[in-house]
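Open the model in your viewer and keep the sequence panel visible. We will go stop by stop, from the whole chain down to single side chains.

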Amino acid sequence: MLAEVGDALSRGRGFALLTGLPVADMSRAAAGIAFSGIGAHLGVRVTESHEGDYLGDVIDRRDAADLRPYHNGGEFIMHRDPVDLVGLLCLRGARRGGESRIVSAGAVHNAILAEAPEELAPLYEGFPYGRLEADRGDTDLFTPYRIPVFRFGADGSFMSHYLPGPIERFFARDGLGPDHPAVRAVGIFKRLIW
């Protein structure tokens, strides 16, 4: 079954919903092990943050010093991670809210292609990403290379990588205003996913 899920994730619709893991009967640690085991069948684990944790909690901690928006309550924009696959496991539903939304990067690309194809060039070229101080360790504040929002592989595969915060830090660093082609292109992307 997980082989079929992996195929759907990499060559199909790009998402899968798995149900039935009996988390109510598991300890938090056991649920984490089970979730990690499912992930191990789908890919290689990477750390969730600069702290080296492999599982992160989406929980309202109301900690102003914590820059992670998924720790500070309220609605937040579409969650994105700079990895090939992202998994979410619900241990306990929110008192209110907590709904998840899924957006297809391929559908966003195609909508921009239909609506404003001239705006795609900056998204193909990409942007240097500005990192948060806590996340960068001893690396440069900005990546020395551009990270494309949309890219096609030599084999025709489609890839997308979009993190608004690091892109907006680049815009601020270079003083790019709302009329700049790159800012306009990202604006169209944002409008389509929200």
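**Whole chain**

Start with everything shown. Of the contacts in the protein with a separation of 6 or more, 50% are between residues 24 or more positions apart. Contact here means heavy atoms within 4.5 Å.

This is a predicted model: local features need pLDDT of at least 70, side-chain atom pairs count only at pLDDT 80 or more, and totals for chains, interfaces and linings use all residues. Residues are numbered from 1 along each chain as its sequence is written, and side-chain values use heavy atoms, with hydrogens and water left out.

Colour by secondary structure. You should find seven helices and two strands. Along the sequence they follow the pattern α-α-α-α-α-β-β-α-α. Helices (H or I, at least four residues) and strands (E, at least two) are DSSP runs, numbered from the N terminus.

Now switch on the surface. The protein exposes about 13000 Å². Carbon and sulfur atoms supply 54% of that area. Areas come from the Shrake-Rupley method with a 1.4 Å probe; for residues, only the protein chains shown count as cover.

How much of the protein is buried? Buried residues make up 24% of the 194 residues. Buried means under 20% relative accessible area, exposed over 50%, and partly exposed in between (1.4 Å probe, protein chains only).

**Helix 3**

Select residues 105-115, which are helix 3. Show the side chains of Val108, His109 and Ile112, the buried residues of this helix. They lie on the same side of helix 3, because they cover an arc of only 100° around the axis. The arc is that of the directions from the helix axis to the C-beta atoms. An α-helix has 3.6 residues a turn, so residues three or four places apart point the same way.

What do these buried residues pack against? Their partners are helix 4, strand 1, strand 2 (158-160) and helix 7 (181-193).

**Thr143**

Next, select Thr143. It sits in the loop between helix 5 (133-136) and strand 1 (150-152). Is Thr143 buried or exposed? Thr143 counts as buried because its relative accessibility is 9%.

Show the backbone around this side chain. The backbone nitrogen of Tyr129 lies 2.9 Å from a polar atom of the Thr143 side chain. The backbone oxygen of Tyr145 is 2.8 Å from a polar atom of that side chain.

Then show what Thr143 touches: Phe127, Pro128, Tyr129 and Arg131, not counting residues up to four places away in sequence.

**Salt bridges**

Colour the charged side chains. A salt bridge is a side-chain nitrogen of Lys or Arg within 4 Å of a carboxyl oxygen of Asp or Glu. By this rule the count comes to six. Visit three stops.

- Arg11 and Asp7: the closest N and O atoms are 2.7 Å apart. Both residues lie in helix 1 (residues 2-11), four residues apart, about one turn of the helix. Arg11 counts as exposed at 67% relative accessibility, while Asp7 counts as partly exposed at 35%.
- Glu125 and Arg146: here the closest N and O atoms are 3.5 Å apart. The pair links distant parts of the chain, with Glu125 in helix 4 (residues 120-125) and Arg146 in the loop between helix 5 and strand 1, 21 residues apart. Glu125 is partly exposed at 48%, and Arg146 is partly exposed at 39%.
- Arg173 and Asp174: the closest N and O atoms are 2.7 Å apart. Arg173 is partly exposed at 45%, and Asp174 is partly exposed at 38%.

**The loop between helix 2 and helix 3**

Select Leu85, in the loop between helix 2 and helix 3. Leu85 is partly exposed, at 37% relative accessibility. Leaving aside neighbours within four places in sequence, Leu85 is in contact with Leu9 and Leu42. Add Gly39: its C-alpha atom is separated by 8.9 Å from that of Leu85, and the two are 46 residues apart along the chain.

Stay in this loop and pick Leu91, which lies between helix 2 (28-42) and helix 3 (105-115). Leu91 is partly exposed, with 41% relative accessibility.

Which residues join Leu91 in a nonpolar patch on the surface? Add Leu21 and Leu89; together the three have about 210 Å² of accessible area. Patches are made of residues with over 30% relative accessible area and no salt bridge: like charges are joined within 9 Å, nonpolar side chains (Val, Leu, Ile, Met, Phe, Trp, Tyr) within 5 Å.

How values were computed:
A polar contact is a pair of N or O atoms within 3.5 Å; within protein, one must be able to donate a hydrogen and the other to accept it, and residues adjacent in sequence count only if both atoms are side-chain atoms.
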